[in-house]
Amino acid sequence: MHFQLNEEQQMIQAAAREFAQNEIVPIAAQFDASGEFPLETIRKAGELGFMGVEVPEEYGGAAFDTIGYALVVAEISAADAAHGTIVSVNNSLFGNSLLDFATHEQKQRFLEPVASGQAIGAYALTEPQSGSDVSMMRGRAELSADGSYYTINARKAWISSGPVAKYIVLFVKTDPDAAASSSISVFVIDTDEPGFRCGKTEPKLGIRASATCEIEFSDYRCPVENRIGKEGEGFRIAMSVLDAGRVGIAAQALGIAEAAYGAAIEYSRERQAFGARIGTFQAIQSKFADMKVRIEASRLLVMQAAWQKWNAKRRAHGIRSTVVSQNCTHRRRLCS
Ligand SMILES: Cc1cc2nc3c(=O)[nH]c(=O)nc-3n(C[C@H](O)[C@H](O)[C@H](O)COP(=O)(O)OP(=O)(O)OC[C@H]3O[C@@H](n4cnc5c(N)ncnc54)[C@H](O)[C@@H]3O)c2cc1C
């Protein structure tokens, strides 16, 4: 057992840190105040491969492992939690839905533009009356008589990147009378097609630059070839993607905690009270020690979870080594 990041992982961590500190930190407060989606930095993140970290090069990604992905999310979240959320949704919720369950043609059409950062992806499961209990979902997709398209009517709530997404992985019922585990199917939606509209934007207390809104489908026509997997597989796909996404969520929390710790240390070196810098007081030092222990314990858990997820993925996809593609364009750009 060893605890050292390999050369590849160190490289992507350093590249993500440099990008996050130079490009995101200077604009984070301004975008948090305005709530504007940071399209420009997200495009740059895409050029560096951060919008499809684990996606193979043939589908526009950077072809790194899950540890590389967790490192990217932690570094970006340390600079700004909103950018971290956008990156996480694009990579995990949208990216994994396609990567793990879509056909080669679907990956070429929908994953490639999103993983390369040319388009934004989103994931729509939640409805106003249906959160943790997915079975309460009311959204419907009905197959046309000739079997060539579905008519979708649905209202989804709390959709991260909803106002800017070009493609959305959408979960709706195709057989409402079936058991919850087999009633739902999943489709990729092109938001430029008629029948789609964004509803109200959520005025959040934090991560404000990560735009979150309701989305609505009124007689939206979805070609049958946009269905991912078979009819009725939506619940299994949704749960599998959410499980994998927890590594990204944990990495977000780790990055935010590290940034908070750094800021607290810095402040304790500036702030004077009772004739001394507050960082010299034992009670403050004790708090820092507790914070550091928790952060380091979290780091070990996050990295272990990422390593386990990557090993599971390697087994499922028959990938032999950690390095998927040495000549990946993103990889060359990161190294230069
Ligand atoms: C910032 C933000 C971004 C989001 N982005 C997306 C997105 O991109 N796509 C998407 O589909 N959804 C998104 N969501 C929705 C999110 O996934 C839901 O909020 C989540 O599924 C919980 O649903 P709910 O809010 O309806 O809470 P509920 O399901 O109503 O839960 C309310 C409370 O009850 C508790 N509870 C629920 N069930 C049980 C149980 N069985 N036992 C014990 N306690 C229980 C919960 O822990 C919680 O405390 C987002 C939410 C937020 C806040």
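Is Arg236 buried, partly exposed or exposed, going by its relative accessibility? With a value of 47%, Arg236 counts as partly exposed, because exposed means over 50%. Keep in mind that what you are looking at is a predicted model.

**Salt bridges**

Arg236 is a handy place to start, since this residue forms a salt bridge with Glu233. Their closest N and O atoms are 3.9 Å apart. Glu233 is partly exposed too, because its relative accessible area is 21% and buried means under 20%.

How many salt bridges are there in the whole model? The count comes to 16. Here are three of the pairs, with the distance between their closest N and O atoms:

| Pair | Closest N and O atoms |
|---|---|
| Lys313 and Glu54 | 3.1 Å |
| Asp243 and Arg246 | 3.4 Å |
| Arg236 and Glu233 | 3.9 Å |

Take Lys313 and Glu54, which form a salt bridge. This pair links distant parts of the chain, with the two positions 259 residues apart in sequence. Lys313 belongs to helix α8, while Glu54 is found in the loop that runs between α2 (39–47) and α3 (66–79). Are Lys313 and Glu54 buried or exposed? Both of them are buried.

Now try Asp243 and Arg246, another salt bridge. Both sit in helix α7, which covers residues 234–270. They are three residues apart, or about one turn of the helix. Asp243 has a relative accessible area of 48%, so this residue counts as partly exposed. Arg246 has 51%, and therefore counts as exposed. The cut-off between those two classes is 50%.

Salt bridges can also join up into a group. Glu258, Lys292, Glu296 and Arg299 are linked in a network of them.

**Around the ligand**

Next, have a look at the ligand. Which residues are around it? They are Tyr123, Ala124, Leu125, Thr126, Gly131, Ser132, Trp158, Ile159, Ser160, Lys204 and Ile207. Sorted by kind, this shell has six nonpolar residues, four polar ones and one charged.

Some atoms of the ligand have polar partners in the protein. An oxygen atom of the ligand is 2.8 Å from a polar backbone atom of Leu125. A nitrogen atom of the ligand is 2.8 Å from a polar backbone atom of Trp158. With Ser160 the partner is in the side chain: an N or O atom there is 2.9 Å from a nitrogen atom of the ligand. As for cover, the ligand on its own has 970 Å² of accessible area, and the protein covers 40% of that.

Which elements give two or more residues to the shell around the ligand? They are β1 (121–124) and β3 (149–160). Of the elements, β3 gives the most, with three residues.

**Backbone and loops by the strands**

Trp158, one of the residues around the ligand, lies in strand β3. Trp158 is not a glycine, yet its phi is positive, at about 60°. Ser161 has a positive phi as well, near 65°, and is likewise a residue other than glycine. You'll find Ser161 in the loop between β3 and β4 (167–173). Ser161 has a relative accessible area of 1%, so this serine is buried.

Ser130 is another serine to pick out, in the loop between β1 and β2 (140–143). Why does Ser130 count as buried? Because its relative accessible area is 1%, and buried means under 20%. The side chain of Ser130 reaches the backbone oxygen of Asp133 at 3.4 Å.

**Two more places to visit**

His104 lies in helix α5, which covers residues 104–115. With 35% relative accessibility, His104 falls between the cut-offs of 20% and 50%, so this histidine counts as partly exposed. Tyr59 is 45 residues away from His104 in sequence, and the two are 9.1 Å apart in space, C-alpha to C-alpha.

Last stop: the surface. Which residues make a nonpolar patch of about 470 Å² there? Met1, Phe3 and Leu300 do. Leu300 is in helix α8, which covers residues 282–317, and Lys313, the salt-bridge partner of Glu54, is in helix α8 too.

Key:
Residues numbered from 1 in each chain as written. Predicted model: local features only at pLDDT ≥ 70, side-chain atom pairs only at ≥ 80, totals over all residues. Heavy atoms only, no water. Patch = residues over 30% accessible without salt bridge, like charges linked within 9 Å, V, L, I, M, F, W, Y side chains within 5 Å. Areas by Shrake-Rupley, 256 points an atom, 1.4 Å probe, with all protein chains shown as cover. Salt bridge = Lys/Arg side-chain N within 4 Å of Asp/Glu carboxyl O. Helix = DSSP H or I, 4+ residues; strand = E, 2+ residues; numbered from the N terminus. Near = heavy atom within 4 Å. Polar contact = N/O pair within 3.5 Å; in protein donor to acceptor, adjacent residues only side chain to side chain. Nonpolar A, V, L, I, M, F, W, Y, C, P; charged D, E, K, R; others polar. Buried < 20%, exposed > 50% of the residue type's maximum accessible area, 1.4 Å probe, protein only.
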